[in-house]
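Here are a few notes to read alongside the model. Take them in any order you like.

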Amino acid sequence: MKKLVVLIVLASLLVIGCAQKETKKEEVIKIGVIGPMELKFGKGMVEGAKLAIEEINAKGGIDGKKLVLVTRDGKLKPDVTAQGLRSLAYDENVNVIIGGFSSGIVIANMDTIAEIKKVWMVECASPTVTKKIAEDYKDYKYIFRLEANSSTFAPSIIEGLNLLREKLGVKKVVIVRDQAKWVEDIDSQLKDLLAKNGYEVVDDIAIPPDKTNFDDVFTVVKEKKADAIVAMIAHGDAVDFVKQWKDSCKVPVVGLILPAVDPNFWNETNGKCDKLIVLAPASEVPIPINENMENFLKKYKERFGHLPIAYSAYESYEAVYAFKRAYEMAKKNGEDPTNSDVLVKYLEKINRQNPLDGVRGKIAFTKNHDIVVGKGYVVNLIFQWQNGSMVAVAPISTGELVW
Amino acid sequence: MLPVLIIGAIWGGILTLVASGFTLTFGVGRIFNFAHGTFFAISAYVSYILYPHLGYLSVVVGILSSAILGLMLYFMVKPIRENEIMVILLTLSLALLIEQVILLTFGEDPVSIPPIFKGSLNFFGVEVTSTKLLSFIVAIILIVLLEFTISRTRIGKEISAVSQDYESAMIVGINVERVFMLTMLISSILAGIGGVLYAQIYSVNPESILEILIVAFAIVVLGGLGSVKGSIVSAFLISYIQTAVSYFSDARWSELASLLVIIAVLIVRPKGLFGVE
């Protein structure tokens, strides 16, 4: 009997001890990052967020609390991303979630966010995301976007083309684009703008997803006597397109060629991207267009030994700072920043009147949680590959357009 | 019409390089080598890694690495060769394994090798790069060599005999194992050559392993399983369909058109264009 009593006392002491240890556990702020972790987009997200977290922690964290990074691999699949989002919310109780690369994945999981009620700072371009927020604010208000809405791309492509026209007198253009939903929306807008700006579209070539050989495309370009190609290509085949363009076609290419914003694109194409004119949505390229970007690129390289491997890195870095701003504002006003509704309220205060000084420019959200793209804020940048370097040519320039 | 003939011929030659090894392995050993795309990718990646150190010698090393992988695969498949399902599972697993290794080592971005010959030539208004022309010539030489080897040489006749009936071939004293090994070796070298040329014109990435397999599979099925001649004809047929549709109509329909033709041919001739019982 005595032994039993001693055992019960010891067990009770152990339980109390553990409980005390639990209460003494340091309070932290958890930043969740979700994305395709095997791909560079996921790795970029993690690196960008990590850099921001380390910088903030080095200065004492937020409200005296350290920031902790928690990641989940969405594997570029809607269902796996849904599991990851729920795990970040229910298992980890994160304060904010960053990432969710690709429009299809984000749109498919807007209802998951409505269920878990966590702020999600997404990395995708489809107008559908913010359209849905406008239609059902109550459910989708937790979603904010730091990437440019794709409806801003066409005017920027025209800006690049106009710049080329000043040099070469471009009149006839051929559109070469992915056979994909994201391009269909931009394509009609682009055609209208081309006509309004005095260009003649002599052909509009949609390329199937696995197309490798582009001889037929370039022969058509030549036969139609086009002065320029306007390209909209988001997939890996861009390397094949650009390599063959350089060898077979003498007309300039201006466009949104997403793989070409990667600093490694020069090596991937063996330098065949020289003189390619590219739209970098929301300035997500390693070009020092301002002092903040210059410092960011320097710190990034020091920390990871390379420049941002994907455009997702810029967004996740700034997302952490946007969260910090909202959290601190809420705290200062005596509200609970761990409440997602409060956090939404203060993220909405990062607007045109009260922008955040980001690395790509001034960060502000619209009423429907899109990032503001335009003069004085983040801009869609036109740059040109020149001898292995990216040179910004419009609307911010670090050099001259050459041909 | 001339541009279609020129572009179709060049693309057809490249497709032939991709598919001929695959059909040879099936024709002789009845082996569905789902790791065929691996030979292709390995030569390209090895060449890509070594190019800064060895220059164009890396291309030879790349092809050699495919040959070594081919030999390794022969020994892996040997004990289970009679079980077709096991062979498919093994070769497909190997392909997926190597795809993952490449993905983890090099990432998902495409890689390419600088072309041996720079510049391009103009054929009746079509710009054909020197490397594409080289690939076409290499493809033609390899096709002729393969045909010559199979029809005129002793080892070729042994290969034909084994492909027709390997038990009878064994009875008449043909070293069947040697034929199997040689076939796998030739197949891997053909794919290896295809890989290093392809990576100079286009690019390869981890997904190329399965993409190339699908292309090769479609060509071989259309041509008739095991028929080298059938593969060559179907490679050019697919190429001309894709090019003509893209040129005269719209590029977006090119792949759909070639798939419809494959299905139509298989309905009429389930064994493919040159398939035999």
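1. Let's start with charge. In chain A, the mean positions of the 55 positive and 54 negative charges lie 4 Å apart. Lys and Arg are the positives and Asp and Glu the negatives, with His and the chain ends not counted; each charge is placed at NZ of Lys, CZ of Arg, CG of Asp or CD of Glu.

2. A word on the ground rules. This is a predicted model, where local features need pLDDT of at least 70 and side-chain atom pairs count only at pLDDT 80 or more, while totals for chains, interfaces and linings use all residues. Residues are numbered from 1 along each chain as its sequence is written, chains are lettered from A and ligands numbered from 1 in the order in which they are written, and side-chain values use heavy atoms, leaving out hydrogens and water.

3. Now the overall build. Chain A has 15 helices and 14 strands (DSSP runs: H or I of at least four residues for helices, E of at least two for strands, numbered from the N terminus). Its C-alpha atoms fill a box of roughly 100 × 45 × 40 Å along the principal axes.

4. How much is buried? Of the 403 residues in chain A, 56% are (under 20% relative accessible area, 1.4 Å probe, protein chains only).

5. On to the cysteines. The count is 0 disulfides over all chains (a disulfide being a pair of cysteine sulfur atoms within 2.5 Å). For A:Cys273, the closest cysteine sulfur, in A:Cys249, is 16 Å away, too far for a bond. A:Cys273 is buried at 0% relative accessible area, and A:Cys124 is buried at 1%.

How values were computed. Buried < 20%, exposed > 50% of the residue type's maximum accessible area, 1.4 Å probe, protein only.
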